[in-house]
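Student: I should be grateful for a close look at a single part of this structure, namely one of its sheets. Please explain the terms as they arise.

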Amino acid sequence: MARKLPEVDVVLVGLGWTGGILAKELSEAGMKVIALERGAMRRPEEDFQVPRIRDELRFANRTDLMMNTTVDTMTIRNTPAEEALPMRRLGSFLPGEGVGGAGSHWNGVTWRWGDMELQIRSKYEERYGKDYIPADLLLQDWGITYAELEPYYEKFERTAGVSGKAGNLRGQRIRGGNVFEDARASEYPLPPLQDSLAGMMFANAATEMGFHPHARPAANASEAYTNPDGAQIGACQYCGFCERFGCESNAKGTPDVTVIPQAMRSPNFSLKTHAWVTKVNKDSDGRKATGVTYTNLLNGEELEQPAGIVVLSAYGLNNVALLLWSGIGTPYNPSTGEGLVGRNYCYQTGTGATLFFPDKAFNPFIATGAWGHNIDDFNTNWDFDRKPHNYIGGSTISAGQSNGRPIGYRPVPAGTPRWGSEWKRATKTWYQGSMAIGSSGSVMPNRANFLDLDPTWRNAFGQPLMRMTFDYKPNEIRMTEHVAGVVNNIARTMGAAQVSAAGPRRSWSAVPYQSTHNTGGAIMGSNPRESVVNKYLQSWDMHNLFVMGASAFPQNSSYNPTGPVGAMAYWTAEAIKTRYRQNPGPLVQA
């Protein structure tokens, strides 16, 4: 029998970006808030210092800041006909664990998703007609517009100290920024990062080909910055230890150095670490959440935390698992098309080329997570006609430098043996003289890609593991076939001596790392027939349950998801403070 604790106004399940934002905003508004985080406390002033944080073996190879797969993981398969097996070693994606979550170890690339994503079905039907969208793509609008989110994008960018250059400032297109972005009300908080040789060479070639290169927006501070809450962010040192690491100089906008310390100063906020939430509790008629049940991992005690509002603010996949474990909503059935929880799971695709220049020295050890130049000519550019290529979605194409670390960075030409003396010679020859062009591609929701509970495998608490069924479908394969040709054309224009060419990605594997950008499973929308949550990320089934993060995205973009994740956290916090708190109930009528 779980020991019952005193009730609070709000319980947050997970303390990363979304939990940190809501913790700060709601506690400052006078609400009593408690956060339950299954991992440990991470203190930047103690844990993210040199030389400790530059331990590549510990953090990059042994994934110290990530989910512990010996306690809980997920099973993986490409199709429903296959047997799903547990992912015992993290590979394709890296969910965070501990205070700060995945926001502690992200690279910092911070995009705004515009109406091409938020109103995707309407936009494609308007441009190409309803028959252009295949029946197996579960494409739908999000129920929210860019105009509604724009102030909250700005708030998040100012919180995280994003460096960049506007390309569309109040409707005026500005060269050097992303001219294909939706209009911004103001400039980025900080100017772009300094240019790298690889980025400049790519930008010059892209300009020569008629494309529109721009600096990638980065939550890597180009100069020292104090955000609106008074959090101090240091200038980036270009050390090359961003992804998979904390930041030694507090130059990376993370929840650990921004919103979470602000929340911790409030007398209305409290935090419990090593608290593993196992279910959301419901009232007798199942129409209202009453709190959560969790296990104290330090002593094994089971506790019940009552709350007036329950917020699932963990990593998106874990939010979906908690809904399924708690019996909230109807699980998606791909055979019948019925049910919504677990539907519209999406990942990302992409391709890339490696270029080799015997007469260049790129100094890859001088790097930062979101460094480089990007083109969106085949992504958010509506003048790019997708019909001849027969796909929905888009791809960013970029070049820069993220790291040249001694264990993991081994650029060698295609065909080089993977070990031995020849591999060592190639590593020595090309460490300084190679660079990459990469593309990130969107993935559309398909009837055959989904999340559910595995009937066989269980976690350390005896709960079914979440099962992921996913593979790239013809839409994504056609897209990477097209963009691989563009990448290779840019590589040829750059005049490399050798090129390991880009090719299409035809099937997904969980083994090699690709991105930590998982979306869907608890999607948002304008009515309960097509979505789990409404435009405020409020459950249609339980008005006092909010489900944050990328689990709400109906499809996946080529962009990194943190920008809209942060913006919608501020959007939801505002709705709770100004509307729900005064009049609890549905914020949108079904």
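Tutor: In this predicted model, an open sheet of 6 strands has antiparallel pairing and follows the order S8-S16-S17-S18-S15-S21. Strands, like helices, are DSSP runs numbered from the N terminus, a strand (E) having at least two residues and a helix (H or I) at least four. Two strands count as paired if DSSP finds at least two bridges between them. The edges are formed by strand S8 (214-215) and strand S21 (498-500); each has a single partner strand, so one side of each is left without a neighbour in the sheet.

At one of these edges, S21 pairs with strand S15 (residues 349-356) in the antiparallel sense, over 3 bridges. Within S21, Val-499 stands opposite Leu-355.

A helix also belongs to this picture. Helix H11 (residues 474-494) lies across S15, S21, strand S16 (373-375), strand S17 (395-399) and strand S18 (434-441). Contact here means heavy atoms within 4.5 Å. H11 runs at about 20° to S15, where axes are lines fitted to C-alpha atoms, for helices over the stretch in contact, and angles between N-to-C directions run from 0 to 180 degrees.

For comparison, another open sheet has 4 strands in the order S5-S4-S20-S19, with mixed pairing. Its edges are strand S5 (85-86) and strand S19 (450-458), each with a single partner strand, so one side of each is left without a neighbour in the sheet.

Residues are numbered from 1 along each chain as its sequence is written, and side-chain values use heavy atoms, leaving out hydrogens and water. Local features need pLDDT of at least 70 and side-chain atom pairs count only at pLDDT 80 or more, while totals for chains, interfaces and linings use all residues.
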